[in-house]
Amino acid sequence: MKNLSKILVLAAALSGIASGAHAAAGDFAKPSFEAARVQWDVQSPYDRLVLTVSTPEGKVVRQEVGAGRTPAFDLSSGTLDGAYAWELRLVPKIDADVRRALAEARRNNDDAAIDRLRAEGRMPAERVQSGSFVVYEGSILTSEEAEKPTGPNGAKTAKAASGIRNTTAEDQVIPDDLIVQGSACVGLDCVNNENFGFDTIRLKENNLRIHFDDTSTQAGFPANDWRLIANDSASGGSSKFSIEDSTSSKTPFTVTAGASTNSIFVDSTGRVGFRTSTPVLDLHVNTSNTPALRLEQNNSGGFTAQTWDIGANEANFFVRDVTGGSKLSLRIRPGAPTSSIDISSDGDVGVGTASPAAKLHASTSAGATATLLQLTNNAASRINLEDTAAAATWGINNVSGNLNMIKSGVGSNAFSLTGAGTLTVFDLIETSDRTLKTDIVPVAPEEILAKVAGLPVSTWRFKTGTPDVLHLGPMAQDFSAAFGLGHDDRHINPLDVAGVSLAAVQALNKQVLEKDAEITKLQQQNAELAQRLSNLEALVNSLASQKQ
C-alpha cells in the first residue's frame, strides 16, 4: 500500500516534471535537475530574482538573489516525497532616472505618472515563470523525457486518419461505451493525420463550445445546464474562456486572453494565489506595484455609489476613499511598532500599548521626553470634557497662544495661562489639611521675623514674558537660604510665603502687645506724676496766700 501511494504521487506529478523541464514561450530561465538540487539558469538580464518553492506540507521557501547569482533549491534531511511547485520572478533593471520618477510619483500619489512611464516603455515588464518537480524516495526525479502514448501492451499506437467529417452525413449513434485508444478531434476543421502533440481531446473550428445538458426531470434532482465557451463568435468580440450558466443565461467566470501566468492559483492546501503559484496564506496577492483590493458599491440597490481601496506598497498600507477624491483616509507606514493602534475586547484603544487601561491610552517606552498627544488646527483648537449626567461641559482651548478652561454656560474663563507663564484664576485654593500633613513642628515667630528683617527684597522684571510688568519680592535663592523651605532654591511656594508672613505677623503682634503694655505703664506713671505736681502746685499757692 505504501508503494502504491508513492506511485500515485509520482503519476500525479509527471505533468509537473514536463512543465518544469520543457521550455515554453516567454520562459527566461531553464531549470536543471540533479538528485538533491534544482537550479535555474537565467537567460535574461535582471536586477534581482525571487524564487519561491511550495512544499507538499504547505511550507513556502523564499530566496532572493542579486544579479549574476544563480537561484537554486537544495533538498534537506527529512524532505518529504511529493510534488513541489516553484515560481521564479524576475525583477528587471530600472535606470536611476526612472527610479527617481517613480519615487516622486509615489510621494505625490500620482498613479498616472507611473502609467505614463509604463506606456513610454521606460519600465520593463515584470516576468514570471513557474513549474514543478517531484521528490521520490528522497531524490529529485531528473528525467526530462515526456511520456509517450502507448497501447494496452505498451506498444506505440497509431492514430487512424479519417479525414474531415462530412457534415451532411447521417449522424452516428453508438449504443454502447466508446473507447478511443488515442486522441480525439471534434470540429469542422479537424484533418486527416491531425498532429495532436500531447492533447488527448481537441476541439477545432471557429466556434468552440462544450455544453453540459442535464436532462433530469424528477422533482428534487438538479437539472441546471452549463456551457464552456472559448472566445466570442461575433466580429470584434473578446478572446476569452468562460463558464456559462446556460439555464440562467449568466456567465459567472471568465478569463480573457493574455492573462498572466498564475493569475489564479490554488495550491494543495487550499490557499489561493493571485499572480503567484506559491501562496503563503489563505489569500496571497503578488504584483510589482501596489497590490490592492477594491470594494465598490454601485447604486443599483438604491444606495449611493461608493468605492474604497485597500492596498499596500513600500510607502504605506492604506485605505483610499476613491469616490471622495482618492483621499488616503488611513495610512500605516512600514516599520510601525507592534500595537501602534490596539483595540481591546472592551473597546479601549491603545496607542503604543497592547493593554489599554482607558478609552484612549497612549504609551511609549522611549525613555526620554516624548509627545504622546498633539492636537493641530489652523485656528484655535479645543478639547471638550462632557458629563452627560450633570449636563456640564468643560472646554480646554488654545486661543491666540493662551491655554484656557471654560465651563459651558459661563461667559468668562475660569483658568487662563499665557505663553509667558502668567496664570489667571478666579479663586486659588491650596491644600493645607492637617490630616494630610506629617512632621508638624511649631516655629519661633521671633526667629522668623528676624530672618524676614534680614531678607533682601527688591523690585525686578522677568527677562521673558511681559518685560514691562514690575514685580517686588525676594529672590528664591535668598528665601531658601533663610528659611530652607520649598522644593529647591529656584522656586518659592506661595503657601510658604504666606506661612513666613503669618509667623512674622505673630512676632510683630507680640512686640506690639509688649509695647502697648509698656506705654500703658508709662501713661499711668505720667498720670501719677501729674497728680503729684498738681497737688504740689496747690500747696504752694496756699502757702503764698497765707503770707499775704
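Which residue just after H3 takes a positive phi of about 75°? The residue is Gly121, which directly follows helix H3, where helices (H or I, at least four residues) and strands (E, at least two) are DSSP runs numbered from the N terminus. The structure described here is a predicted model, in which local features need pLDDT of at least 70 and side-chain atom pairs count only at pLDDT 80 or more, whereas totals for chains, interfaces and linings use all residues. Residues are numbered from 1 along each chain as its sequence is written, and side-chain values use heavy atoms, with hydrogens and water left out.

Within H3 itself, the residues Ala113, Ile114 and Leu117 are buried, a class that covers residues under 20% relative accessible area, while exposed means over 50% and partly exposed lies in between (1.4 Å probe, protein chains only). Seen down the axis of H3, these buried residues fall within an arc of 100°, so they line one face of the helix; the arc is that of the directions from the helix axis to the C-beta atoms. An α-helix has 3.6 residues a turn, so residues three or four places apart point the same way. The buried residues of H3 pack against H2, with contact taken as heavy atoms within 4.5 Å.

A comparable description can be given for helix H5 (residues 476-483), in which the buried residues are Ala476, Phe479 and Phe483. Viewed down the axis of H5, the buried residues fall within an arc of 65°, so they line one face of the helix. They pack against helix H4 (445-453) and helix H6 (494-547), and just after H5 there is a glycine, Gly484, with a positive phi of about 65°.

Helices H2 and H3 also take part in the largest pocket, to whose lining each gives two or more residues. This pocket has a volume of about 1300 Å³ and is lined by 40 residues, of which Arg89, Glu126, Thr287, Ser288 and Asn289 lie nearest its centre. On a 1 Å grid over the protein atoms alone, a pocket is an open set of points with protein on both sides within 12 Å along at least five of seven lines, in contrast to a cavity, where a 1.4 Å probe fits but cannot get out; lining residues have an atom within 4 Å of a point. Grid points are joined across faces, edges and corners, and the volume is the space filled by probe spheres set on the points. The other elements that give two or more residues to the lining are strand S3 (48-54), strand S4 (60-66), strand S6 (82-91) and strand S17 (283-285), but H2 gives the most, with 4 residues.

Turning to the sheets, 3 strands form an open sheet in the order S1-S2-S5 with antiparallel pairing, two strands being paired if DSSP finds at least two bridges between them. Strand S1 (29-33) and strand S5 (72-74) stand at the edges, each with a single partner strand, so one side of each is left without a neighbour in the sheet. Neighbouring strands of this sheet are turned by 15° against each other on average, direction ignored; axes are lines fitted to C-alpha atoms, for helices over the stretch in contact, and angles run from 0 to 180 degrees between N-to-C directions. Strand S2 (residues 37-42) is joined to S5 by 3 bridges, and Val38 stands opposite Phe73 in S5.

A second open sheet has 5 strands in the order S25-S26-S27-S28-S29, again with antiparallel pairing. Its edge strands are S25 and strand S29 (423-425), each of which pairs on one side only, and the twist averages 10° from one strand to the next. S25 and S26 pair over 7 bridges, and Asp387 stands opposite Ala392 in S26. Ser381, which is found in strand S25 (residues 381-387), counts as buried at 17% relative accessibility. Leaving aside neighbours within four places in sequence, Ser381 is in contact with Leu375, Ile396, Asn397 and Asn398.

Several loop residues complete the description. Ser400 lies in the loop between strand S26 (392-399) and strand S27 (402-407), has a positive phi of about 55° although it is not a glycine, and is exposed, with a relative accessible area of 74%. Arg275, in the loop between strand S16 (272-274) and S17, likewise has a positive phi, near 65°, and is partly exposed at 40% relative accessibility.
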